[in-house]
Amino acid sequence: MSDLSRRDLLRTSAAAGVGAVVVSGLTAADTPDIADAGAPGYVTAGDPSKSPGCPPATLTGHIVRPCDASYTDARLGWDQLFSHYPLVIVFAQETQDVVNALTWARQHNVALRVRSGRHALEGWSNVDNGIVIDVSQLKSIQIDTGAHTATVGAGLTQLEAVTTLAKQNLAITTGSEGSVSACGATLGGGLGPLNRWLGMACDSLVAAEVVIPSGDDCAEVINADSQHHSDLLWALRGAGNGNFGIVTQLTYKVSPLTRLANMQATWNGLGDLYEVFEAWQRTVPSADSRLGSELEIHKSQIQLSAWLVEGVAAQAREILAPILSVGTPDVTVQVGNWGDIFAGAQIPLAQEPANWKFFSQFVKEPLPKKAIDIIGSFMRDAPTEESNYFVDAFGGAVANEPRGGTAFVHRDALFYGEIGAAWGTRSTQPGVSDPLTPQAQAWIAEFSQALRPYTDGAYVNVPNVGMQEWETAYWGRQHFEQLRRIKAKYDPHNVFQYEQSIPPASH
Ligand SMILES: Cc1cc2nc3c(=O)[nH]c(=O)nc-3n(C[C@H](O)[C@H](O)[C@H](O)COP(=O)(O)OP(=O)(O)OC[C@H]3O[C@@H](n4cnc5c(N)ncnc54)[C@H](O)[C@@H]3O)c2cc1C
């Protein structure tokens, strides 16, 4: 321990992702003194001699410390399986607050994490004894109808982005969970109902404002687009989560969308699973690219969702006929404004299980009967009814890279597949102590292992902990080496690091 510098120690504690506040060898006396800061809401750096490069930074914005009544709410994430106790949380109110927070973290050698919608699936947007730089209150949106672009603050949730754009009959690709941030989903790729029509969310990202480290202990704001820092824009399109800098604003190309037909079909029991799955994987990935579709298989039912852009109910039924002709599903179709349909599908947080564990896999060839039987067998044994096996259809526009390319690499997948275990009720206690946790974790580990022979690649937005060669599973070897070079250019000191962050290339 003695030959570790304090910087190493703090960073090591962050990288280890430990679930409690106690870090071996680190005491409160080692941490920057934030309790005695001056005016409420402001924290001043103490030792100017430590920052020869730029003036000592002051934390600005809305600041929450462990002694504040709002600390518990401020620290908890969506997935309560993971629980962290940061030293300070800065809710930025403007970009300068982010610059100040990053500079302060560097000047004090404090581990840092970036956070927006709090849906990181392994708790990696939070850190014990470090600083969380939270951009969720950066909520602006400017729509330029002439240029067909929308510039949004990094704090906008997908619900806010979809509904605001839909009021102007415009759309971008998002996932279907409203409380995920548009920024967080986009930076890792971003798949969902409109991906076969518009491509991945990151394909429409045309510019970003980013706060990056500069010099030995400073930070600066840069803008990445096709003309400036185009290498960074490429990296942000699929590998930007907490790796290169803190994104404060994103500019998307937006597309006109006046109405959409949304079909929901439900089969009771899993008796029709093989026929439904087989018809879905043979029909949807090669269908009209205006059609997006997902299947969710639960312990006791199969749910099909489909969205047909500018479509009517009869068209949706016709395209999906090979699937709907299996068994006797309950079918409903709703036609209307995308914002209304999206908002109507949201589940209140209080009704969601507390603890979630996911495993992501891409599938490039239709699954054989043996693999579909594996899915059925594991789902019958699922730890809870909310646990599921989820697939999102690729093909259509996902197959095409936008101009300038993207770090996102899974263009040739037939569909994205995800195993999700869900259990427990929400409280302030970490889910590791829930009696179902070991069973749920064993189930997902065995399930993902059983499907491995049929899959190829993984999705960084749904990271697989402990996976061998996660780097190539997320981005492929060539893209990963390119990402390392871009990392070395924009974050050479590896300020942004966590369990599966991209290390800078060594020169
Ligand atoms: C219920 C649920 C449903 C989901 N559904 C989908 C789906 O349909 N489609 C899909 O593609 N994904 C989906 N996801 C995955 C989701 O896209 C990722 O978890 C995403 O990274 C969450 O972003 P966030 O900002 O909400 O979370 P956070 O926890 O705030 O951040 C997630 C990651 O992004 C980084 N990050 C956040 N903000 C910034 C920033 N401003 N600059 C740089 N890095 C940043 C964080 O450091 C962290 O690594 C789902 C996740 C959940 C929990």
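Two strands are said to pair if DSSP finds at least two bridges between them. The strands themselves (E, at least two residues) and the helices (H or I, at least four) are DSSP runs, numbered from the N terminus. With that in hand, a word on what you are looking at. This is a predicted model, in which local features need pLDDT of at least 70 and side-chain atom pairs count only at pLDDT 80 or more, while totals for chains, interfaces and linings use all residues. Residues are numbered from 1 along each chain as its sequence is written, and side-chain values use heavy atoms, with hydrogens and water left out.

Let's start at strand E15, residues 291-297. On one side, seven bridges connect E15 to strand E16 (residues 301-309), and the two run antiparallel. To find the register, look at Ser-293, whose bridge partner in E16 is Ala-306. The connection between E15 and E16 is a hairpin of three residues. E15 also pairs with strand E19 (residues 388-393), again in the antiparallel sense, over four bridges. There, Glu-294 stands opposite Asp-392 of E19. How enclosed is E15 by the rest of the structure? Six of its seven residues are buried, so the strand is largely enclosed. Here buried means under 20% relative accessible area, exposed means over 50%, and partly exposed is in between (1.4 Å probe, protein chains only).

Next, the cysteines. A disulfide is a covalent bond between the sulfur atoms of two cysteines; the search counts a pair of cysteine sulfur atoms within 2.5 Å. Across the whole structure it finds one, and this disulfide links Cys-54 to Cys-218, with an S to S distance of 2.3 Å. The link of Cys-54 and Cys-218 is left-handed, at -130° about the S-S bond. Which parts of the chain does the pair tie together? Cys-54 sits in the loop between strand E1 (43-44) and strand E2 (58-59), and Cys-218 in strand E11 (residues 218-224), so the bond ties together parts that are 164 residues apart in sequence. Cys-54 is buried at 14% relative accessible area, and Cys-218 is buried too, at 10%. Two other cysteines to look up are Cys-183, buried at 6%, and Cys-202, buried at 0%.

Charged pairs come next. A salt bridge is a side-chain nitrogen of Lys or Arg within 4 Å of a carboxyl oxygen of Asp or Glu, and a search of the whole structure gives 14 of them. One of these joins Arg-113 and Glu-499, whose closest N and O atoms are 3.8 Å apart. Arg-113 lies in strand E5 (residues 112-115) and Glu-499 in the segment after helix H15 (477-490), so this salt bridge ties together parts that are 386 residues apart in sequence. Arg-113 is buried at 3% relative accessible area, whereas Glu-499 is partly exposed at 25%.

Strand E5 also holds Arg-115, which forms a salt bridge with Asp-134 of strand E6 (residues 131-134), so that pair ties together parts 19 residues apart in sequence. The closest N and O atoms of Asp-134 and Arg-115 are 2.7 Å apart. Asp-134 is buried at 0% relative accessibility, and Arg-115 is buried at 3%. For a pair within one helix, turn to H8 (residues 273-283), where Glu-278 and Arg-282 lie four residues apart, about one turn of the helix. Their closest N and O atoms are 2.9 Å apart.

Finally, the empty spaces. On a 1 Å grid over the protein atoms alone, a cavity is a set of points where a 1.4 Å probe fits but cannot get out; a pocket is an open set with protein on both sides within 12 Å along at least five of seven lines, and lining residues have an atom within 4 Å of a point. Points are joined across faces, edges and corners, and a volume is the space filled by probe spheres set on them. There are three cavities of 30 Å³ or more, and the largest holds about 100 Å³. Its lining has 14 residues, with Gly-77, Phe-82, Gly-123, Ser-125 and Asn-126 the closest to its centre.

The second largest pocket has a volume of about 480 Å³. Among its 22 lining residues, Phe-359, Gln-449, Arg-452, Asn-464 and Met-467 lie nearest the centre. Strand E18 (355-363) and helix H13 (437-451) are the elements giving two or more residues to this lining, and E18 provides the largest share, five residues.
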